[in-house]
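Thanks for making the time this morning; I would like to walk you through one model, starting with the sheet and ending with the aromatic side chains. Please have a look at the sequence and the structure before I begin.

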Amino acid sequence: MAKRVHRPREDAEFNFILGVSGVPVLAYFTGTWPKAIEPCRVMDLVVDGIADAYMGRLTVVRTDITRCPAATRRYGITGAPSYVLLKEGGVVAHGTGPMTIAEVRNFLDGHL
């Protein structure tokens, strides 16, 4: 069974996941500093629901900003939670801040 949400431990693993995904990728960036913990914890549940709903149509990658600094810089991430939708290797959408599952679905459906 495929992983619902990938959790790379470093930039090389993040890049590998992007390289082998045959479907668009939602890179969800999280943080562990005090002001980011609660919004990211809430978004973890939303992102898990999205991973279930879009299984087979979307690869979801939960990316810790401190573990994947090169990816964080590459996509211009300045806070958490943040989201980058990648399709065929290119960025097609950017989002930031807490969202409801309906808002994330709208974010995705407009670009998938």
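How many bridges join β2 to β4, and do these strands run parallel or antiparallel? Before I answer, please keep in mind that this is a predicted model, and that everything I say refers to that model. Five bridges join β2 to β4, and the two strands run antiparallel; within this pairing, Ala 27 has Val 84 in β4 as its bridge partner.

Let me now place that pair in the whole sheet. It is an open sheet of five strands, with mixed pairing and the order β1-β3-β2-β4-β5. The edges are taken by β1 and β5, each of which has a single partner strand, so that one side of each is left without a neighbour in the sheet.

Turning to β3, we find that six bridges join β2 to this strand, and that β2 and β3 run parallel. One of the residues in this pairing is Phe 29, whose bridge partner in β3 is Thr 63. Between these two strands the chain passes through helix α2, residues 34-53, and the resulting β-α-β crossover is right-handed. With β1, residues 5-6, β3 also runs parallel, here joined by two bridges, and His 6 has Val 61 as its bridge partner in β3.

How enclosed is β3 itself, residues 59-64? Five of its six residues are buried, so the strand is largely enclosed by the rest of the structure. Thr 63, which lies in this strand, is buried with a relative accessible area of 0%. If we leave aside the neighbours within four places in sequence, the residues in contact with Thr 63 are Pro 8, Phe 14, Tyr 28, Phe 29, Thr 30 and Cys 68.

Next, the helices. Helix α1 lies across β1, β2, β3 and β4, and runs at about 170° to β3, while α2 lies across β1, β2, β3 and β4 and runs at about 165° to β2. In α4, residues 101-109, the buried residues are Val 104, Phe 107 and Leu 108. These three cover an arc of only 95° around the axis, which puts them on the same side of α4. As a general point, an α-helix has 3.6 residues a turn, so residues three or four places apart point the same way. The elements that cover the buried residues of α4 include β2, α2, β4 and β5.

Finally, the aromatic side chains, where a search of the whole structure finds five pairs. Among them is the pair of Phe 14 and Phe 29, which is tilted, with 6.2 Å centre to centre and 45° between the planes. Because Phe 14 lies in helix α1, residues 11-20, and Phe 29 in strand β2, residues 25-30, this pair ties together parts that are 15 residues apart in sequence. Phe 29 also pairs with Tyr 75, again in a tilted arrangement, at 6.5 Å centre to centre and with 50° between the planes. Since Tyr 75 sits in the loop between α3 and β4, whereas Phe 29 is in β2, the parts tied together here are 46 residues apart in sequence. Phe 14 and Phe 29 are both buried, and Tyr 75 is buried as well. Ring pairs thus link Phe 14, Phe 29 and Tyr 75 into a cluster.

Terms used. Residues are numbered from 1 along each chain as its sequence is written. This is a predicted model: local features need pLDDT of at least 70, side-chain atom pairs count only at pLDDT 80 or more; totals for chains, interfaces and linings use all residues. Side-chain values use heavy atoms; hydrogens and water are left out. Rings of Phe, Tyr and Trp (its six-membered ring) pair if their centres lie within 6.5 Å; planes under 30 degrees apart count as stacked, over 60 as edge-to-face and the rest as tilted. Helices (H or I, at least four residues) and strands (E, at least two) are DSSP runs, numbered from the N terminus. Buried means under 20% relative accessible area, exposed over 50%, partly exposed in between (1.4 Å probe, protein chains only). Two strands pair if DSSP finds at least two bridges between them. A crossover is right-handed if, with the strands pointing away from the viewer, the path from the first strand over the helix to the second runs clockwise. Contact means heavy atoms within 4.5 Å. The arc is that of the directions from the helix axis to the C-beta atoms. Axes are lines fitted to C-alpha atoms, for helices over the stretch in contact, and angles run from 0 to 180 degrees between N-to-C directions.
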